[in-house]
Amino acid sequence: MGSSWGPLPSPSKNSGLNWTRLWAAIEPRVPALPVKNLNGTGPVHPALAGMTGILLCAAGLPVCLTRAPKPVLHPPPVSKSDVKPVPGVPGVCRKTKKKHLKKSKNPEDVVRRYMQKVKNPPDEDCTICMERLVTASGYEGVLRHKGVRPELVGRLGRCGHMYHLLCLVAMYSNGNKDGSLQCPTCKAIYGEKTGTQPPGKMEFHLIPHSLPGFADTQTIRIVYDIPTGIQGPEHPNPGKKFTARGFPRHCYLPNNEKGRKVLRLLITAWERRLIFTIGTSSTTGESDTVVWNEIHHKTEFGSNLTGHGYPDASYLDNVLAELTAQGVSEASAKA
């Protein structure tokens with residue numbers, strides 16, 4: 001049976017007990033209880049640790065407050081002679097410039113390229129305008145395109161989902177207009193999807209240090225660098241300045257077969273301008289700034305306190321799935 005200690009009264013000259021001797025006999029037997037500042041991003045955890053310490057002190061128990069460990073973001077220093085190219089991956093750098101940016105495509109031509117006309121559409125909703133497929137598109141009178149009648153319905157070739165042609169023209173016209181089309185129902189991508197990433201530089205090389213969980217392999221380090229600039233016509237606020245906080249950003253992959261596969265696909269995603277975009281930071285709330293674009297990276301080298309580090313047994317498979325969702329796969333990269 002365990003016992004609990006109640007609060008001990010302070011020594012008093014009027015009491016009949018020798019409290020000094022009693023406390024001296026008890027104190028060595030009471031363990032110092034460490035109260036750790038729990039990991040987390042919210043302010044509740046440090047407060048909880050502090051309140052717990054106060055309550056234990058009030059109960060007469062010694063308390064040892066400890067700080068939460070700090071994330072290990074970067075590897076030990078590496079000399080230039082120790083930095084090597086990644087085996088099987090040509091080059092060490094990729095740049096995107098303004099001349100690589102957006103190519104305008106005629107919306108009607110793009111939609112017709114991936115659609116097949118449906119003569120007798122089913123009596124169900126078009127999930128873009130929410131009108132019935134057997135009636136005219138909800139964009140009738142709002143959007144006019146020569147040769148696209150509002151009652152025309154088409155089926156996407158691979159996935160088979162059906163929409164008003166005019167609705168798909170409206171959806172495409174509201175996007176990046178890069179010649180690709182993405183099914184709004186199943187997210188299947190037709191053509192080569194590109195993004196709105198600002199111009200910048202991507203470097204990648206091998207360093208002689210291992211990631212947690214990959215003790216027998218060296219590490220691939222990726223360095224992204226994007227400067228501040230002016231938003232283009234494909235961005236939220238054309239002509240307005242955008243910021244680029246936290247660059248250069250360092251990211252890490254294990255130098256094994258799957259890690260090199262991820263690197264090759266990340267290079268393809270970079271060249272298609274899919275790694276970053278301009279938007280609102282979910283961390284700071286700042287708008288018109290460069291943010292990640294739904295392809296997660298590991299930015300913590302020697303720990304995983306933030307969730308952005310190693311060990312993480314499922315990360316490589318997860319990021320491959322995220323790349324596939326953006327239309328980036330080995331098959332598409334070779335096409």
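1. Contact here means heavy atoms within 4.5 Å. In this predicted model, and leaving aside neighbours within four places in sequence, leucine 133 is in contact with Pro121, Pro122, Glu124, Asp125, Cys126, Val153, Met162, Tyr163 and His164.

2. Leucine 133 itself lies in the loop that runs between strand 4 (115-117) and strand 5 (153-156). Because its relative accessibility is 1%, leucine 133 counts as buried, the cut-off for that term being under 20%. Of its contacts, proline 122 may be singled out: the two residues are 11 residues apart in sequence, and their C-alpha atoms are 6.6 Å apart in space.

3. Turning to helix 5, this element covers residues 257-271, and its 15 residues reach 22 Å from the first C-alpha to the last, which is close to the 21 Å expected at 1.5 Å a residue. Its buried residues are Gly259, Val262, Leu263, Leu265, Leu266, Ile267, Thr268, Ala269 and Trp270. Helix 5 is followed by arginine 273, which has a positive phi, near 65°.

4. The axes of helix 5 and helix 6 (residues 315-325) come within 10 Å of each other and cross at roughly 25°, and the two helices are therefore roughly parallel. The crossing of helix 5 and helix 6 is left-handed.

5. As for the residues involved, Lys258, Gly259, Lys261, Val262, Leu265, Leu266 and Ala269 of helix 5 meet Leu316, Asp317, Val319, Leu320 and Leu323 of helix 6. By character, the residues of this contact between helix 5 and helix 6 divide into 8 nonpolar, 1 polar and 3 charged.

Definitions and conventions:
Residues are numbered from 1 along each chain as its sequence is written. This is a predicted model: local features need pLDDT of at least 70, side-chain atom pairs count only at pLDDT 80 or more; totals for chains, interfaces and linings use all residues. Side-chain values use heavy atoms; hydrogens and water are left out. Helices (H or I, at least four residues) and strands (E, at least two) are DSSP runs, numbered from the N terminus. The expected span of a helix is 1.5 Å times one less than its number of residues. Buried means under 20% relative accessible area, exposed over 50%, partly exposed in between (1.4 Å probe, protein chains only). Axes are lines fitted to C-alpha atoms, for helices over the stretch in contact, and angles run from 0 to 180 degrees between N-to-C directions. Angles under 35 degrees count as roughly parallel, over 145 as roughly antiparallel, 65 to 115 as roughly perpendicular and the rest as oblique. A crossing is left-handed if the near helix is turned anticlockwise from the far one by less than a right angle, and right-handed if clockwise. Ala, Val, Leu, Ile, Met, Phe, Trp, Tyr, Cys and Pro count as nonpolar, Asp, Glu, Lys and Arg as charged, and the others, Gly among them, as polar.
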